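Visitor: I would like to go through a few local features of this model. Please show it first.

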Amino acid sequence: MSTPHNSANVGDIAATVIMSGDPLRAKFMAEHFLENPKQFNGVRNMLGYTGLYHGKPVSVMGHGMGMPSVGIYSYELYHVYGVQQIIRVGTAGCIQKGMEIGDVVVAQGSCTDSNYLHQYHLPGTYAPLADYELLSGAVDMCKQLGVKHYVGNVLSSDIFYDDNQEWRQWAAMGVLAVEMESAALYANAAACGRKALTILTVSDSLVEKKSASAEERQLAFTNMMRVAFSLV
Ligand code: HPA
């Protein structure tokens with residue numbers, strides 16, 4: 001069985017999927033981390049591959065930008081393909097002083113300004129959280145690799161061009177960085193009792209209005225991917 005967005009057959013996708021917003025980053029991970037990668041999806045160019053990492057089957061796939069997009073792909077992975085854990089590797093804009101381009105943020109929790117969680121009809125505000133085992137594994141690996149990292153809340157926002165600087169109010173609540181997907185991923189995982197974690201690299205600073213160069217991005221991405229693959 002396939003879905004409108006994924007042409008893989010059940011069984012083509014491993015129990016662990018490492019996802020990035022950009023499908024070409026998924027291709028990069030397949031080419032640099034997996035042995036014998038086989039492409040399982042090309043619908044809408046949302047590339048996905050399964051191969052072996054140190055002898056264990058792992059898949060990598062793009063998830064696109066924003067909560068509706070990651071919501072669709074991760075829902076299908078959990079519900080149709082039986083995926084047990086999804087590790088998202090992405091970029092974020094930091095919103096705290098002292099944080100720098102290239103720092104890693106392990107997203108312990110994810111606040112959101114999106115309506116995605118309304119579907120659960122909860123009588124309050126749900127706090128989307130990472131799986132603790134994945135989270136602590138990622139933190140240990142950051143320490144081992146000597147990667148400068150932060151652990152805490154991020155904001156999954158529907159707004160990239162934040163003209164009203166709403167990020168400042170989230171920063172005042174201790175939120176570390178802004179991205180656009182984790183709350184939907186964590187909620188999807190929670191709703192079906194599976195695991196998820198987001199690991200982010202700071203690609204720009206909203207505090208200092210700076211962005212990473214292409215080289216800084218690549219180096220930082222590779223560090224983050226090493227952390228993600230160590231969790232498999
Ligand atoms: N906002 C939202 N998502 C992002 C950003 C940002 O500033 N940087 C990288 N992803």
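What follows is a short exchange on one helix, its packing and one residue in a strand of this predicted model.

Visitor: Which residues of H1 are exposed on the other side from the buried ones?

Guide: Helix H1 covers residues 23-33, and its buried residues are Pro23, Arg25, Ala26, Met29, Ala30 and Phe33. These lie on the same side of H1 because they cover an arc of only 155° around the axis. On the other side, the exposed residues are Leu24, Glu31 and His32.

Visitor: Which backbone nitrogen does a side-chain oxygen of Asp22 reach at the start of H1?

Guide: The contact is at the start of H1, where the side-chain oxygen of Asp22 comes to within 2.8 Å of its partner. That partner is the backbone nitrogen of Leu24.

Visitor: At roughly what angle do the axes of H1 and H6 cross?

Guide: Helix H6 (214-230) is among the elements that cover the buried residues of H1. Arg25, Phe28, Met29 and Phe33 in H1 meet H6 residues including Phe221, Met225 and Phe229. By class, this contact has six nonpolar, two polar and three charged residues. The crossing is right-handed, and the axes come within 12 Å and cross at roughly 65°.

Visitor: Is Ser203 buried or exposed?

Guide: Ser203 sits in strand E9 (residues 195-205). Beyond four places away in sequence, Ser203 touches Thr91, Ala92, Ile101, Lys210, Ser211, Ala212 and Arg217. Its relative accessibility is 4%, and the cut-off for buried is under 20%, so Ser203 counts as buried.

Definitions and conventions. Residues are numbered from 1 along each chain as its sequence is written. This is a predicted model: local features need pLDDT of at least 70, side-chain atom pairs count only at pLDDT 80 or more; totals for chains, interfaces and linings use all residues. Side-chain values use heavy atoms; hydrogens and water are left out. Buried means under 20% relative accessible area, exposed over 50%, partly exposed in between (1.4 Å probe, protein chains only). Helices (H or I, at least four residues) and strands (E, at least two) are DSSP runs, numbered from the N terminus. The arc is that of the directions from the helix axis to the C-beta atoms. Contact means heavy atoms within 4.5 Å. A polar contact is a pair of N or O atoms within 3.5 Å; within protein, one must be able to donate a hydrogen and the other to accept it, and residues adjacent in sequence count only if both atoms are side-chain atoms. Axes are lines fitted to C-alpha atoms, for helices over the stretch in contact, and angles run from 0 to 180 degrees between N-to-C directions. A crossing is left-handed if the near helix is turned anticlockwise from the far one by less than a right angle, and right-handed if clockwise. Ala, Val, Leu, Ile, Met, Phe, Trp, Tyr, Cys and Pro count as nonpolar, Asp, Glu, Lys and Arg as charged, and the others, Gly among them, as polar.
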